[in-house]
Each structure stands twice: as structure tokens, then as C-alpha cells.
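Me: Could you take a close look at one part of this model, the aromatic pairs and what surrounds them? I would like the geometric criteria stated along the way.

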Amino acid sequence: MNTHGPRRVFGPRPPLLKRPARGPNPLRRRTDRIQTWCTVLFALILVVGLPAAAISAGYAAHASQMRVVAAETSARHQITARLADATPGPARSDVREPRQARVRWVADDGERHTGTATVAGEGDSGDEVRVWVNREGTLAQPPSSPSTARTMGWFTGCITAATVAALAFTGRARIRRALDRRRYARWEAEWKVVEPAWSGRNRR
């Protein structure tokens with residue numbers, strides 16, 4: 001038994017591990033580089049392009065709908081009319097549900113009109129209601145509200161984001177399949193050259 005410590009090993013020392021050489025990797029093929037750049041582009045689309053497209057589309061839809069709101073608001077106004085008939089409604093109900101009812105009103109020129117309009121809640125014949133008319137004095141639907149414009153903006157932004165994401169994922173998958181087919185074709189061509197020498201068929 002050696003009491004003087006571990007036995008010394010003679011011979012050359014094993015080489016120290018070196019850092020990997022910098023520069024282009026000789027094992028990386030052109031398809032690998034293309035796939036790397038496509039991955040970078042895909043990440044940029046999701047991080048930068050998707051929010052930019054969604055926000056731009058949302059703001060554009062909101063602005064367009066707000067122009068519609070402004071045009072309808074300027075072209076329509078409310079007047080006071082009276083119910084021509086009683087509007088039916090549930091007993092003991094305070095909910096002012098919109099209902100279709102026949103109303104009568106007097107235009108600015110003094111002419112009497114009668115028509116069907118949307119009124120809130122129930123009422124008896126002769127009760128006053130507020131209805132919307134256009135510049136010609138005929139009944140019209142209430143103008144769109146700013147909340148409708150906000151909803152349209154959010155909806156358009158979400159649809160745009162989903163579309164951009166779907167196109168990005170679809171494009172990435174197609175490019176990857178095309179690169180894989182190119183890799184398999186090159187590997188098969190190279191294997192046809194290497195396999196005879198590797199298997200020893202050339203030495204027969």
C-alpha cells in the first residue's frame with residue numbers, strides 16, 4: 001500500500017479543452033442559415049409587426065366609424081311625438097325596453113305625420129315620446145354611438161392581430177417544410193456518393 005499519496009501518472013498531459021473556434025460553422029448549410037433568418041423574421045413579426053398592424057387597423061376602424069357617428073348625428077335630431085296607440089308591455093315592469101309603436105307628430109311646416117318608431121318602454125295613447133327624424137322630417141333610426149365606434153375598433157384590431165399571427169405561423173411552417181425537402185434531397189444525393197465507399201461495395 002502506498003502511504004506517500006496517490007501514484008503519479010507519467011506521460012503527456014491531456015490537451016486542454018479549447019474554446020470553440022469563432023467564425024462560420026462549416027457544418028451549417030445554406031438551408032440552416034435561411035431557417036435562422038426566417039426564425040428571426042418570424043419573431044420580429046410577432047413582436048413588432050403584429051402590434052403595429054393591430055393598433056393601426058383598430059385606430060383606422062375607430063376613426064372611420066366616428067366619422068359615420070358624426071355624419072348621422074348632424075343629419076338627425078330628436079323631436080317630441082305622441083303615441084297614436086298604447087304600447088303593450090309586461091305588468092309591473094320598470095324596464096324601458098325598446099318597442100315599435102305608431103306615433104304622430106307635427107313637422108316644422110305644420111304638417112301632421114304618422115309613422116312607426118322605436119320607443120322606450122310602454123305607454124298609453126297620447127303620451128309624449130322622443131323620436132329621431134332626419135333632415136326631411138321623416139322617422140329615422142337613432143344615430144350610432146361612440147361606444148359602437150370603440151367596439152368596432154377593438155374588434156378590427158383583434159381580427160387583424162389574429163390574421164397576422166395566422167399568416168406568420170402558416171408562412172413559417174411552409175418555409176420549414178420547403179427547407180426540409182431540400183435538406184432531404186441533398187442528404188439523399190450525398191448518401192448515394194458516400195454509401196458505396198462506406199459500406200465497402202467499391203472493394204468487391
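Reply: What follows goes through the aromatic pairs, the helices that carry them and a salt bridge. This is a predicted model, in which local features need pLDDT of at least 70 and side-chain atom pairs count only at pLDDT 80 or more, while totals for chains, interfaces and linings use all residues. Residues are numbered from 1 along each chain as its sequence is written, and side-chain values use heavy atoms, with hydrogens and water left out.

Two aromatic pairs are present in the structure, where rings of Phe, Tyr and Trp (its six-membered ring) pair if their centres lie within 6.5 Å, and planes under 30 degrees apart count as stacked, over 60 as edge-to-face and the rest as tilted. Phe42 and Phe169 make an edge-to-face pair, with 5.0 Å from centre to centre and 75° between the planes. This pair links distant parts of the chain, since Phe42 belongs to helix α1 (residues 30-75) and Phe169 to helix α2 (residues 146-199), 127 residues apart; helices here are DSSP runs (H or I, at least four residues), numbered from the N terminus. Phe42 is buried at a relative accessible area of 12%, whereas Phe169, at 46%, is partly exposed, given that buried means under 20% relative accessible area, exposed over 50% and partly exposed in between (1.4 Å probe, protein chains only).

Tyr184 and Trp187 have ring centres 5.7 Å apart and planes at 55°, so their pair is tilted. Both of these residues lie in helix α2, three residues apart, which is about one turn of the helix, and Trp187 is partly exposed, with a relative accessible area of 41%.

Returning to Phe42, its ring also has Arg172 over its face, at 5.0 Å from the ring centre; a charge sits over a ring if NZ of Lys or CZ of Arg is within 6 Å of the ring centre and within 35 degrees of the ring normal. Helix α1, to which Phe42 belongs, bends by about 40° at Ile45, the bend being the angle between axes fitted to the seven residues ending at a residue and the seven starting there. Among the buried residues of α1 are Phe42, Leu50, Ala54 and Gly58.

In helix α2, Arg183 and Asp180 lie three residues apart, and their side chains meet in a salt bridge at 2.7 Å, N to O, a term that requires a side-chain nitrogen of Lys or Arg within 4 Å of a carboxyl oxygen of Asp or Glu. Arg183 counts as buried at 9% relative accessibility, while Asp180 is partly exposed at 22%.

How values were computed. Helix = DSSP H or I, 4+ residues; strand = E, 2+ residues; numbered from the N terminus.
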